[in-house]
Amino acid sequence: MNRHIGVFDSGVGGLTVVKQLLESYPHESIVYFGDTARIPYGDKSPETIIRYSIENAKLLLKKNIKMLVVACNTASAYALKPLKSFDIPVVGVIEPGAKKAVEVTRNGRIAVLGTRGTIQSGEYQKTIHRLLPSVMIQAIACPLFVPLVEEHFFNHPATRLIVQEYLAPIKKEKVDTVLLGCTHYPFLRAILEEEMGPHVTIVDSASTCADEVGMILKQNQIEASKDCIGSHQYFVSDDPEKFKRLSLNLLGQTLSVSLEMPLS
Ligand code: DGL
């Protein structure tokens with residue numbers, strides 16, 4: 001089965017999930033859409049996030065994808081249900097991220113960092129509680145992280161100050177696990193690890209999301225055959241050059257990126 005796996009995010013963040021998919025499933029082909037013209041999603045209303053997500057999904061469905069990965073926590077928090085009405089398997093990042101955090105914590109004290117929308121939706125808090133009812137969760141909205149990532153400020157003094165500000169309440173709570181509940185945040189992993197220190201584990205949803213993708217491909221018998229070599233396509237709704245620069249940092253290769261508009 002040579003059809004592509006469709007993946008979308010509001011910008012470059014979903015590439016943290018793509019990276020894991022490329023490593024885990026080299027035979028699979030991926031088509032990625034970053035809605036860079038309308039980023040950030042994190043501060044938009046639920047109605048707008050749902051509308052954008054459906055438009056992104058339609059763009060990818062037109063490319064004849066066999067499954068959809070919603071590599072955006074904000075879109076996963078609000079739009080997963082409506083997206084599941086499409087006729088292909090759909091995977092989000094919240095359940096996989098929650099599973100990972102619950103797997104890793106030793107003292108049952110977990111912090112979740114996310115966009116304002118993701119944190120306000122309460123989806124992470126609900127999902128983690130369902131998986132581990134005795135857990136203590138501290139959920140912190142970090143609205144300044146996405147623009148810092150999109151501006152390539154991975155190791156900038158301004159980023160450190162903002163990280164310190166957001167992490168201060170977490171440090172007091174003695175959490176042992178910090179879940180990056182936004183696919184942009186792994187770009188800031190190094191600085192977050194430095195600030196939290198060696199006793200805290202930073203996790204994200206990329207690896208568990210890739211595991212779930214693998215399981216669904218298998219269940220639905222839509223895996224690419226082992227003699228396929230994955231071919232990958234990348235589309236954005238604005239400024240392909242900026243996207244290329246950011247993706248080079250994460251994937252270590254220059255992508256060919258084309259401009260395309262979501263479908264209403
Ligand atoms: N990367 C996205 C997420 O995982 C969204 C960032 C944004 O557009 O605000 O939530």
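Start by selecting Lys174, which counts as exposed because its relative accessibility is 60%, over the 50% cut-off for that class. Keep in mind as you go that this is a predicted model. Lys174 sits in the loop between helix H8 (157-172) and strand S7 (177-180). Check its backbone torsions while you are there: phi is positive, about 55°, although Lys174 is not a glycine. That is worth a pause, since most residues other than glycine have a negative phi.

**A second positive phi**

Now go to Gln221, in the loop between helix H10 (206-219) and strand S9 (232-236). Its phi is near 55°, again a positive value in a residue other than glycine. Is Gln221 buried or exposed? With 69% relative accessibility, Gln221 counts as exposed.

**A cis peptide bond**

For another backbone feature, select Ile39 and Pro40 together. The peptide bond that joins them is cis, with omega at about 5°. Most peptide bonds are trans. Pro40 belongs to the loop between strand S2 (30-34) and helix H2 (46-61).

**The ligand**

Next, select the ligand and show the residues around it. Which of the 14 residues come nearest? They are Ser10, Tyr41, Asn73, Thr74 and His184.

Three polar contacts can be drawn as distances here:

- Ser10: a polar side-chain atom lies 2.6 Å from an oxygen atom of the ligand.
- Asn73: a polar backbone atom is 2.7 Å from an oxygen atom of the ligand.
- His184: an N or O atom in the side chain is 2.7 Å from a nitrogen atom of the ligand.

Switch on a surface and see how much of the ligand is left uncovered: on its own the ligand has 300 Å² of accessible area, and the protein covers 99% of that. The space that the ligand takes is the largest cavity. If you colour the surrounding shell by residue class, you will find 6 nonpolar, 7 polar and 1 charged residues.

**Helix H3**

Stay with Asn73 and Thr74 and extend the selection to helix H3, residues 73-83. How many of the 11 residues in H3 are buried? The number is 8, so the helix is mostly covered, with "buried" standing for under 20% relative accessible area. The buried residues in H3 are Asn73, Thr74, Ala75, Ser76, Ala77, Tyr78, Ala79 and Leu83.

**Leu250 and Val12**

Jump to Leu250 in helix H11 (residues 240-251). Leu250 counts as buried because its relative accessibility is 17%. Add Val12 to the selection and connect the two C-alpha atoms: Leu250 and Val12 are 238 residues apart in sequence, and 9.4 Å apart in space.

**His4 and Ser231**

Select His4, which lies in the segment before strand S1 (5-9). At 13% relative accessibility, His4 counts as buried. A polar atom of the His4 side chain lies 3.2 Å from the backbone oxygen of Ser231.

**Back to helix H8**

For the last stop, return to helix H8 and pick Ala158. Ala158 has a relative accessible area of 28% and is therefore partly exposed. Draw one more C-alpha to C-alpha line, from Ala158 to Leu148: they are 8.9 Å apart in space and 10 residues apart in sequence.

Notes
Residues numbered from 1 in each chain as written. Predicted model: local features only at pLDDT ≥ 70, side-chain atom pairs only at ≥ 80, totals over all residues. Heavy atoms only, no water. Near = heavy atom within 4 Å. Polar contact = N/O pair within 3.5 Å; in protein donor to acceptor, adjacent residues only side chain to side chain. Areas by Shrake-Rupley, 256 points an atom, 1.4 Å probe, with all protein chains shown as cover. 1 Å grid on protein atoms, 1.4 Å probe; cavity = no way out; pocket = protein on both sides within 12 Å on 5 of 7 lines; lining within 4 Å. Sits in = over half its atoms within 2 Å of the grid points. Nonpolar A, V, L, I, M, F, W, Y, C, P; charged D, E, K, R; others polar. Helix = DSSP H or I, 4+ residues; strand = E, 2+ residues; numbered from the N terminus. Buried < 20%, exposed > 50% of the residue type's maximum accessible area, 1.4 Å probe, protein only.
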